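This briefing covers selected strand and helix features of the structure shown below. The points are grouped by topic.

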Amino acid sequence: MRLYVYVLEAKELAIKSGSSSYVKLQVGKFKSKTRVVRNGSDPVWNEEFVFRVHDMEDELLVSIYHHDDVEVGDDSNKGINNSRLFNISGYLVGRVRVSVWTVMGEENQCLPPTWFSLENSKVGKHTKRSCGKVLLTLSLHGRGEDSTTDHLLSQHKDISTIDGKQHESEDNTSTIISSPAPSAKTPQGKKLMKAVVKRLEKLLHKNGESAKSDASSDLSFSPSEYEDCTQEDSPPSCSFEEALDTLQSREEEVEMPENLQGGILVDKTYVIASKDLNSYLFAPNSQFRKELAEMQGVNDMEESPWTWKSGNSSSLARAVSYTKPASKLVKACKATEEQVYVKADGMEFAVFVSVATPDVPFGNMFKVELLYKILPGPELSSGEESSRLLLSWGINFSQNTLMRGMIESGARQGLTESFNQFSDFLAQKLKVLDNSESLGKDHIVAGLQREHQSDWELAVEYFGNLTVVSATFLTIYVVVHILLCEPHKPQGLEIIGIDLPDSFGQLITCGVFVLLLERVYNMVSLFVQARLHMGSDHGIKSQGDGWVVTVALVEAVNLPSSDSKKFSDPFVVLTCNGKTRTSSVQLQTCDPQWNEVLEFDASDELPSVLDVEVFDFDGPFDQALSLGHAEVNFVKHAATELADMWIPLQGKLAVSSQSKLHVRIFVENKKGVETIKDYLTKMEKEVGKKLNLRSPQKNSAFQKLFALPPEEFLIKDYSCSLRRKLHLQGRLFLSARIVGFYANLFGHKTKFYFLWEDIDNIEVQAPSLASFGSPTLVIILKKGRGLDASHGAKSQDEEGRLKFYFQSFIPFEVASRTIIALWRARTITPEKKARIAEELMDQETPLVPNNNSSSPFHDEDSNMLKIYSGGLPVDIKSVMKMFEGGNLERKVMAKCGCLNYVTTEWQAVKPDIYERQLSYKYNHAVSFFGGEVQCTQRKCALEDGWTVNEVMALHDIPFESLKGSIDADGLKIQVIVLHVNNFTT
């Protein structure tokens, strides 16, 4: 863009009558100035200047200086002469700043002659409030457009001329952008030295001219003498497609930028090539943009042409201005977008957009930033190309403000509404792929099954080499030779039945034959062992309903080999939710092709990670060598990314070889919302508290907050404080796979999350002064895990484990119990789950009171575990006092760790049968959670004593929380039998 500045005149300047003055102009690092005019307080210049504009946020600085008419040779003015050495003559009268975007917002991008009031930055008692005014005309034009002043100057009738004629603007026009750029950038130091030398020559009269006559010429200097106005070579004017091709041909490789912190506004896949989608959205005079602006009520939209923007790496940029319609939050306002191509390689595109809206409240304090990412989409069964549009947003604050939270909330609401319309309107123009079409699981699986080779095909490929062919030929040759030869008499040391080689040639031939046979035998043995002992799980369908993970193992490249072999025999082991699947062995290759589909059995738990490890097969009895490993985090990847991804393998051998594995992963829920309900019901047993399914709006907000995939669902959230150097109040979110924390303190956001599987231990610390009297929940992660959340950790122990300190839960016991129960339920091994399920199935006796039964006690219940038996040297009456509800019973129960012990009176239910109710709580020595216990006791009189039966119902006791308690889920019941008999000492 070019900014044309017309300096017309000034009036009411705070200088003496008859004094001289001149104007200095600056845009960015480019500077220029007018000639000196001696016309007192109302000078007239009528000069034109041209500047190159790279950023619409640049400002035009116009400064008017008073010029001192002094003789250079006057010793009394050495200070002034010294100052003139660096182009400073006189003092500052006043200055004014004009933003470029104000010109962009005017009609035809031209600002008519306007009087601007001058300001003086000095502060003192001699400073005058009014410094005068300056008349300026500004216009903004793109590359290749001519600008004339006739129509603008004709609007100003009072323009004066000097010496009866209009001065030509060419002599005083800055040639910053109109002159062709040199082929190489001139060093800044050399240009500055050249300017200083010229100035010294003039001051020392080496040019033979008087200093006074030089005064005017010195001020009419060429800007290139003082400023480094030279720019890098820009490509010649070209079309939009040619400019993109130029970007693509650049040698430096630009990485795709990360999504902005504000969140994702649009994430959809369309049936169109990525290059065509980029042109559809950002090509000059895009019809889609015009129709979208008309639909949204946007007026006065103007687009400047794409031009080259110089910086660390050249890129395309353009400016777009428009007037946004009024909304619920703000009135109609002008907006200016600066769009810059960050990456364009023909397949992937990234466009960064900075939006300035100075007319909105606090609009001069922030800019809204958008990042358009256009990526290639998955392959479709129809053969068409697809592309994924990912649009994220953020806010860049130029200064701190207490209104930051309000600004972000308003911007988020406005952007969400605007880009929902954008997404819906784009969906009307282009076909949007749903998950089934975009992922194409059935098509991909069917294709891989067709491409999967049979054992016979693998055998032909494996044995079709020179070794097998040579051994076969030599075997046939020897057999034919034996058949053609006649028996001969034994010679030398030969005896009947033992024929030895008769020459060294025969000996060498026999040795080669034996080595070839051994090699072929080893190959056959390895092939058979690989087929029999390392059979693939390819084609085995998953069992059950729930979350099903399907992995299409395609290929690998650049796999390393062991030191003893030129090629490896790789196979892959996949692990998810504690279950393992194994691929087939690909023999003698470093670039294996599997084309296998591996399915994991359905699980109630949403899968978090997929562990991948590649091994080198060395036989069934030898330990396989690991060639590389990797971990796929389902939480950090969208479904479209999982559908086609190359995984870089980790490990010493894999990193040195740059090994990669090509997989396609699909996560499906076969039962829909019922799977989530079943999971929450199962968690309720562990937590001991009702867990409700959150609303779709709550889940959607949670997913957008942490940029999670749509299958993630929220279980519980608590208000708490994160303890670091300073306490930070926020909310802790518990979902099926992650623990996340979010805080917003005066606009400063703290956000992180980690997986349940990353947690190594959870500890509870007693209240202290450091925790302000609140218990603290300490979450300790495994070594090397949760590195993305390290900014939220308070410390790191000697083993390298991150520690997170949370406190101020309301209530703490419920929150800590829920967190620990969810963690234990998530991390328990499948073997232990199966064992617990079998134990529960074996318990045929109902432990929970039956609603249909009048009493929970049954006379036939006799298969109870004998825990304690012994004799006491007291009579029966003394022992039975412990069951009368008196002080003795209360003291005994208090010693056993029971609090708030309450009993009822014994009531007769049958002859010689009595019942009563009890309730109490465990202290922390028995159970950390202090669960509540309700009991029913029944005593029966025997001939020689009493039998006391007790049924205990434990509430709010999570799985395995009770020390030494029963291994059962949810409601825990224990039957205790006390039989007391008389005995004789």
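In this predicted model, strand 22 (residues 609-616) runs antiparallel to strand 23, and eight bridges join the two. One of the paired positions is Glu613, whose bridge partner in strand 23 is His629.

**Sheet 20-19-22-23**
- Strands 22 and 23 belong to an open sheet of four strands in the order 20-19-22-23, and the pairing is antiparallel.
- The edges are taken by strand 20 (579-582) and strand 23 (625-633); each has a single partner strand, so one side of each lacks a neighbour in the sheet.
- On average, neighbouring strands here are turned by 20° against each other, with direction ignored.
- Strands of a sheet pair through backbone hydrogen bonds, in a parallel or antiparallel manner.

**Sheet 21-18-25-24**
- Another open sheet is formed by four strands in the order 21-18-25-24, again with antiparallel pairing.
- Strand 21 (593-599) and strand 24 (645-648) are the edge strands; each pairs with a single strand, so one side of each is left without a neighbour in the sheet.
- The average turn between neighbouring strands of this sheet is 25°, direction ignored.
- Five bridges connect strand 18 (residues 547-557) with strand 21 in the antiparallel sense.
- Val551 lies opposite Leu598 of strand 21.

**Helices 6 and 7**
- Which residues of helix 7 (residues 274-282) are buried? They are Ser274, Leu277, Asn278, Leu281 and Phe282.
- Viewed down the axis of helix 7, these buried residues fall within an arc of 105°, so they line one face of the helix.
- An α-helix has 3.6 residues a turn, so residues three or four places apart point the same way.
- Helix 6 (residues 240-248) packs against helix 7 at an angle of about 130°, and the axes are 12 Å apart.
- The angle makes helix 6 oblique to helix 7, and the crossing is right-handed.
- On the helix 6 side the contact is made by Phe240, Leu244 and Asp245; on the helix 7 side it is made by Lys275, Asn278, Ser279 and Phe282.
- Asn278 and Phe282 are among the buried residues of helix 7 and also take part in the contact with helix 6.

**Ser99**
- Ser99 is located in strand 7 (residues 92-99).
- Is Ser99 buried or exposed? Its relative accessibility is 15%, so Ser99 counts as buried, the cut-off being under 20%.
- Apart from neighbours within four places in sequence, Ser99 is in contact with Asp58 and Glu59.

Conventions: Residues numbered from 1 in each chain as written. Predicted model: local features only at pLDDT ≥ 70, side-chain atom pairs only at ≥ 80, totals over all residues. Heavy atoms only, no water. Pairing = 2+ DSSP bridges. Axes fitted to C-alpha atoms, helices over the stretch in contact; angles between N-to-C directions. Buried < 20%, exposed > 50% of the residue type's maximum accessible area, 1.4 Å probe, protein only. Arc of directions from axis to C-beta. Parallel < 35°, antiparallel > 145°, perpendicular 65-115°, else oblique. Left-handed = near helix turned anticlockwise from the far one by under 90°. Contact = heavy atoms within 4.5 Å.
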